[in-house]
Amino acid sequence: MDLRPNHTVYINNLNEKIKKDELRKSLYAIFSQFGQILDIVALKSLKMRGQAFVIFKEINSATNALQSMQGFPFYDKPMRIQYSKLDSYVIQKLKGTYNEDSQKLRVKEDRKDKKKKKTKESGATKVVPPPVQLPVMPPAMSPMMNRVLGPIQQPPQENAPNQVLFLTNLPGETNDMMLQMLFNQFQGFREVRMIAGRSDIAFVDFESDSQAAIAKDALQGFKISPTNAMKISFAKK
């Protein structure tokens, strides 16, 4: 029996070895191209292993995601996707049909996860955040500012088109699997090359200049995380 279209898609046959946080980030990376995501639910209880729910703001986004990603190889396993039988609690709140009692299981799971995470963080070494970069001054400045700061250097020109793309402004949790999922949908994709010790940059190889250009234009500014818009340029030859 076919389920009616829903804001939420239900996904199963997921790799159970993937940690919950990584799973949610990876799902966001590949499904956010279809529309605004309100929430991703991925519980690690015995009953819910290998399963997840992706909640979209619009039903059309959920439909496009279901049709486009059905059978997609996600961490070496083809995803099985269908509409959720019921509205998620986020959509229920928007519609005014939210029932607090129906969410007790999820709250209980979230509390367990937060407790485990807090225990791990208390024994972990505190990471010092990177220094904040000051914004670049615009070209139009007063003579006084020119004397103080010196002449403004023009931004470097775009490198000549070639088969290799250079990615920057990637979030710290980015891995090669996430990028492969994004770029292997384009014809001519060869491989992703991450840089040891630098999760914020990467290279993506294609078979031809034109194929690389198509992927560059399609994914320019794509947000792997809600705060990081990916920047793509042709690599220097």
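A residue counts as buried here when its relative accessible area is under 20%. Keep that cut-off in mind as we begin with helix H2, which spans residues 59-69. In this predicted model, the buried residues of H2 are Ser 61, Ala 62, Thr 63, Ala 65, Leu 66 and Met 69. What lies over them? The cover includes strand S1 (8-12), helix H1 (20-31), strand S3 (52-56) and strand S6 (80-83). Just after the helix comes Gly 71, and its phi is positive, near 80°.

With that helix as a starting point, let us step back to the whole chain. The protein has 7 helices and 12 strands. It is made of 237 residues, and 39% of them count as buried. About 15600 Å² of surface is exposed, with carbon and sulfur atoms supplying 54% of that area. If you take the contacts between residues at least 6 apart in sequence, 65% of them join residues at least 24 apart.

Now return to the surroundings of H2, where you can look for the largest nonpolar core. This core has 28 residues, and the ones with the most contacts inside it are Ile 11, Leu 27, Phe 31, Phe 56, Phe 74 and Met 79. At least two residues each come from S1, H1, strand S2 (37-41), S3, H2, S6 and H6. Which element gives the largest share of this core? That is H1, with 5 residues. Met 79 is a good place to look around: leaving aside neighbours within four places in sequence, its contacts include Ile 11, Leu 27, Phe 31 and Phe 74. Met 69, one of the buried residues of H2, is also in contact with Met 79, as is Gly 71, the residue with the positive phi that follows the helix.

Aromatic rings are worth a visit too. There are 6 aromatic pairs in the model. One of them joins Tyr 10 and Phe 53, a tilted pair with 5.2 Å from centre to centre and 40° between the planes. Tyr 10 lies in strand S1 and Phe 53 in strand S3, so this pair ties together parts that are 43 residues apart in sequence. Are these two residues buried or partly exposed? Tyr 10 has a relative accessible area of 15% and is buried, while Phe 53, at 22%, counts as partly exposed. Both results follow because the cut-off for buried is under 20%.

Phe 31, which we met in the core, also has an aromatic partner. Its ring centre is 6.4 Å from that of Phe 34 and the planes stand at 50°, so this pair is tilted. Phe 31 is buried at 0% relative accessibility, and Phe 34 is buried at 17%. Elsewhere, Phe 183, Phe 189 and Phe 206 form one aromatic cluster.

That cluster leads us to another part of the chain. A second, separate core of 21 residues includes Met 178, Phe 183, Ala 212 and Phe 234. To get your bearings here, look for an open sheet of 4 strands in the order S8-S9-S7-S12, with antiparallel pairing. Its edge strands, S8 (189-195) and S12 (231-234), each pair on one side only. From one strand to the next, the twist averages 25°.

Let us follow the sheet across. S8 and strand S9 (residues 198-206) run antiparallel and pair over 6 bridges, with Met 194 standing opposite Ala 202 in S9. S9 is also joined to S7 by 4 bridges, again in the antiparallel sense. Another 4 bridges join S7 to S12, which run antiparallel as well. Leu 167 shows both of the S7 pairings: its bridge partner in S9 is Ala 202, and its bridge partner in S12 is Ile 232.

In a regular strand the side chains alternate between the two faces of the sheet. Strand S7 (164-168) follows this pattern: Leu 165 and Leu 167 point to one face and are buried, whereas Val 164, Phe 166 and Thr 168 point to the other and are not.

Two helices complete the tour of this sheet. Helix H6 (residues 176-183) lies across S7, S8, S9 and S12, and runs at about 150° to S8. Helix H7 (residues 209-219) packs on the sheet as well, touching S7, S9 and S12, and its direction makes about 160° with that of S12.

Technical notes:
Residues are numbered from 1 along each chain as its sequence is written. This is a predicted model: local features need pLDDT of at least 70, side-chain atom pairs count only at pLDDT 80 or more; totals for chains, interfaces and linings use all residues. Side-chain values use heavy atoms; hydrogens and water are left out. Two strands pair if DSSP finds at least two bridges between them. Axes are lines fitted to C-alpha atoms, for helices over the stretch in contact, and angles run from 0 to 180 degrees between N-to-C directions. Contact means heavy atoms within 4.5 Å. Buried means under 20% relative accessible area, exposed over 50%, partly exposed in between (1.4 Å probe, protein chains only). Accessible areas come from the Shrake-Rupley method with a 1.4 Å probe; for residues, only the protein chains shown count as cover. Rings of Phe, Tyr and Trp (its six-membered ring) pair if their centres lie within 6.5 Å; planes under 30 degrees apart count as stacked, over 60 as edge-to-face and the rest as tilted. A nonpolar core is a set of buried Ala, Val, Leu, Ile, Met, Phe, Trp, Tyr and Cys residues joined through side-chain atoms within 4.5 Å.
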